Amino acid sequence: MAPLRPAAANDSALSARSETATAGAALWREALSAIAVFAVDPRIGLRLAARAGPVRAAALQVLHALLSDDIPVRKMPAGISEAALLGGLDLAASLHTGQPVLENGLIADTDGGVLVAAMAERMTQEAAGLVSLALDRRHISIERDGVSREIPARIGLVALDEGMEPDEAPPENLCERLGLWISLEGADPRGAADGGLDAEAIASARNFLASVRPNDGTIETICQAAMAFGIVSLRAPHLAIRTACAAAALGGRLSPSSGDVETAIRMVLLPRAVTMPPMPEAQDDAHDEPDDDGDHDDEQPSSPDDPAPEPEAPRDDSEIQPSQDMTVETAAASLPADLLASLAAMMRPPLARAGAGRSGSFAKRARRGRVVGTRQGDPRRDRLDLLATLRTAAPWQAIRRAERAPGAPPRLLEMRMSDIRVRRHRGKAETATIFCVDASGSAALARLAEAKGAVERILAECYVRRDRVALVAFRGTRADVLLTETKSLTRAKRSLAALPAGGGTPLASGILAALDLARSSAKEGRTPLMALLTDGRANIGRDGAAGRPQAMANAKEAARAVRACGIAALVIDLSQRPSAEARQIAADMGATYLALPRADSRALSEAVAAAPRGGDAARTRRP
Amino acid sequence: MFPFAAIVGQDQMKLALSIAAVDPSIGGVLVFGDRGTGKSTAVRALAAVLPDIETADCPYHCDPARPDEGCELCRSRAESQIPQKTEAMRVPVVDLPLGATEDRIAGSLDLERALSAGEKRFEPGLLAKAHRGFLYIDEINLLEDHLVDLLLDVAASGENVVEREGLSVRHPARFVLIGSGNPEEGELRPQLLDRFGLSVEVRTPQDLATRIQVVKRRDAFERDPAGFAAEYEAANAEVRDAILAARRRLRGVAVPDATLEKAAQLSIRLGTDGLRGELTLMRAARALAALSGDAVVGWSHLAALAPLALSHRLRRDPLDEAGSTTRVERAVGELAAA
């Protein structure tokens, strides 16, 4: 027996390695075919989730190779200005020459070609809005000297999504318009064949595309699948149909085959899935016992193509985001079983949902509020400070005049770009309240309704103050982020109503999850406040193991981490009588302590409003 | 351009837009709902249905028939009786991109002129472009409050006033403000909500057959835009004729006291603040009567439009579960029974 063991272990290790290798190659092949589809019909749009690196470089190289030379490919930096996108005055050049110098807009320059947006997750809302408009209308409007012109802008967009955090994603209005959502994570281009496609094959597929027609079956299947996945927007099925047609054109088929339809569902619809359709098998028995691991494995149809079966992830997702409307769900239940089965085979964790768009340092630059000074800048982005500009330019006039080429017409004022001063504003900092709710069995079960009432009350106040709110709940063995930061009361209400209760108290995990949210909120320039509702009686450790002493120690560590990060906090004690544990946690956190039995909901919301906020320099420095 | 008549379903949205086209003084339309429901398509399609407008030769494409409502240039020309050159142009639909600055919206100093000629000249903004047309703002709920405020002010007064950078400009800007957004991403402040004339909630069609039809038409349109548009030309012409006829009839439509009283009762029952709700309801009902060829505004017009004109004006507990549209419909039902 003994000598056999290592051999067996070796064997499985080997096979595991070769399995990951095949999985990596399969992911790469998938990415290649998505790129080919995009090259055939760039209007579909491509969202490529990958960090900068050799794999992404290889993918972009493939794209370049597939596009013939007459198709322009332009790069769009994340912080691009409106003038650079649409065309307008080149301010620096204009000041230098004293003549208006116009620059061509990037969008119009890319007409008939492909625009590659780098770091799309940092694209400004402004840029995303303009590009979306161009994608929708296929032209842009330019105003110059009172004459409006419409310039064709038939572009295809590739958004390079380097978002690493779950809340980092390209602006949602842009993602919505991009059909193919592909992730290169885990893809391995080594030793892969190029798929036998070249620019010539793509060009002929492009020509052939005009004669490809989707039949009724294709449209119906794709619409059904979109509904089953709970995808609300009708743009998604539309883009999926285009994808199916492009795939058919690649294969020289006059209408999409079932394989083309499957490709479209996999590349366009699946990554956007909000809910996973209920599986035919799952309806019988397996659903009631989520703890039974054996059943899970049986549920998954054994499909060799399945890249990464993760039965847990999709189900959790639907729990966290309850299906938006029952009708979609019930409609999904009536889908043909074979379609469901093939959807099940394609399941994989969805790509990060689109975000509100990050604008990095640009968003932090307030455009209104109190004027606190001036700085060098572009008067088209910020308000010009005329006096300061003149004051800056004045001392240089004699020197600049002397420098002028002899014979050049004299100018009243020699201005340079560097003279221009714009006003600096200090905007009102936004606040975010992060609720961390103990939904465990211990004390919360009895008081959860009251806790919910308290949270609702505070939510209503937040709504009035236009605060953002986020919600974390912990129970059983882990903490879940039920709601990432939002201003939407509708969503907050819904996730609160769906909050289940019972199980252990993994306090440490809860605090840490809330801390993560608070820190990313602070990073965005908001001031977060953590409101922890608990009885403080932790009995599940960070690792998910039961045991009170360890759990309490972990919880205290987590609480001290909150303090170390300078996040303002409020502990609301949920137990019947004020508990020493909750008080201790509050002390470790440097938080204000409130006992719920003595605090009516009004006092609670006042406490939230009055709580000292983190993020202020003084507090952040606290050890 | 996707033909207005080819839009599947979304009757409430189409109704609200048509009413705004008949009577632009209704005060803007708010369209809240899911993404990808054809909100911006509908606005553009409606503008394309309308006949071209005649414009004066001025930076604000004023109406040559009404110089008194025009810009400074038009008024001075009218006073000195200089004949105007006129042109025809499409009804403008201006998109306000998210992230647009106040300068770009209201207009600002023309930098190009200032630099090259040392001339202080006003460069009209998006508000000027939208004059006599539609101003469409996607994701209005994400727009900064002070910009929404500015837009609503101008929409209500029909005039844009710019006082900054040594400029002092005043020009007409009469447009139908159309804001859209997804409430899941944040709500509009109640103070701003109330200032929109009509509001509609749009949802994606929930049944498969309708969804398939929408996607099919979109596909057919993109395959052959011209051929598809030709198919719906007759239906589009009907929409145009109905709106033009309603505009002519509008002044002649009578609003009896009994109807006014009903509108007041409805507002009281719902506890809407101020008189704006009643006023809008009455105006919208009159436009609807004109659209349907009725000479008198009756209860049926009020009942049909009450949810559009009142649901966004209810003073509400933000945590109240019952949708405001439901509350309006309930009140309408009660009043009808009474």
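Reader: What makes Arg47(A) a charge over the face of Trp181(A)?

Author: In this predicted model, Arg47(A) lies 4.4 Å from the ring centre of Trp181(A). The distance limit is 6 Å, and the position must also be within 35 degrees of the ring normal. Arg47(A) is listed as lying over the face of Trp181(A), so it counts as a charge over a ring.

Reader: Where does Lys262(B) lie with respect to Trp299(B)?

Author: Lys262(B) is over the face of Trp299(B), at 5.4 Å from the ring centre. That value is within the limit of 6 Å, so the distance condition is met here too.

Reader: How many aromatic pairs are there over all chains?

Author: A search of the whole structure gives four. One of them joins Phe2(B) and Phe228(B), with 5.5 Å centre to centre and 35 degrees between the planes.

Reader: Why is the pair of Phe2(B) and Phe228(B) called tilted?

Author: The centres are 5.5 Å apart, which is within 6.5 Å, so the rings pair. Stacked needs an angle under 30 degrees and edge-to-face one over 60; the angle here is 35 degrees, so the pair is tilted.

Reader: Which parts of the chain does this pair link?

Author: Phe2(B) is in the segment before H1 of chain B, and Phe228(B) is in helix H10 (residues 225-231) of chain B. The two are 226 residues apart.

Reader: How do you know that Phe2(B) is buried?

Author: Its relative accessibility is 9%. Buried means under 20%, so Phe2(B) qualifies. Phe228(B), at 5%, is buried because it falls under that limit as well.

Reader: What makes Phe228(B) and Tyr232(B) a tilted pair?

Author: Their centres are 5.0 Å apart, with 45 degrees between the planes. The distance is within 6.5 Å and the angle is neither under 30 nor over 60 degrees, so this pair is tilted. Both residues are buried. Phe2(B), Phe221(B), Phe228(B) and Tyr232(B) form one aromatic cluster.

Reader: Why is strand S11 (residues 198-202) of chain B called mostly covered?

Author: Four of its five residues are buried, so the strand is described as mostly covered.

Reader: How do you know that strand S1 (residues 29-33) of chain B pairs with S11(B)?

Author: Pairing takes at least two bridges, and five join these strands, so they pair. They run parallel. In S11(B), Glu201(B) is the bridge partner of Phe32(B).

Reader: Which residues have the most contacts inside the largest nonpolar core?

Author: They are Ile19(B), Phe134(B), Ile178(B), Leu266(B), Leu281(B) and Leu305(B), in a core of 62 residues. Helix H1 (residues 11-22) of chain B gives the largest share, eight residues.

Methods
Residues numbered from 1 in each chain as written. Chains lettered and ligands numbered in written order. Predicted model: local features only at pLDDT ≥ 70, side-chain atom pairs only at ≥ 80, totals over all residues. Heavy atoms only, no water. Core = buried A, V, L, I, M, F, W, Y, C linked by side-chain atoms within 4.5 Å. Buried < 20%, exposed > 50% of the residue type's maximum accessible area, 1.4 Å probe, protein only. Phe/Tyr/Trp six-rings, centres within 6.5 Å; stacked < 30°, edge-to-face > 60°.
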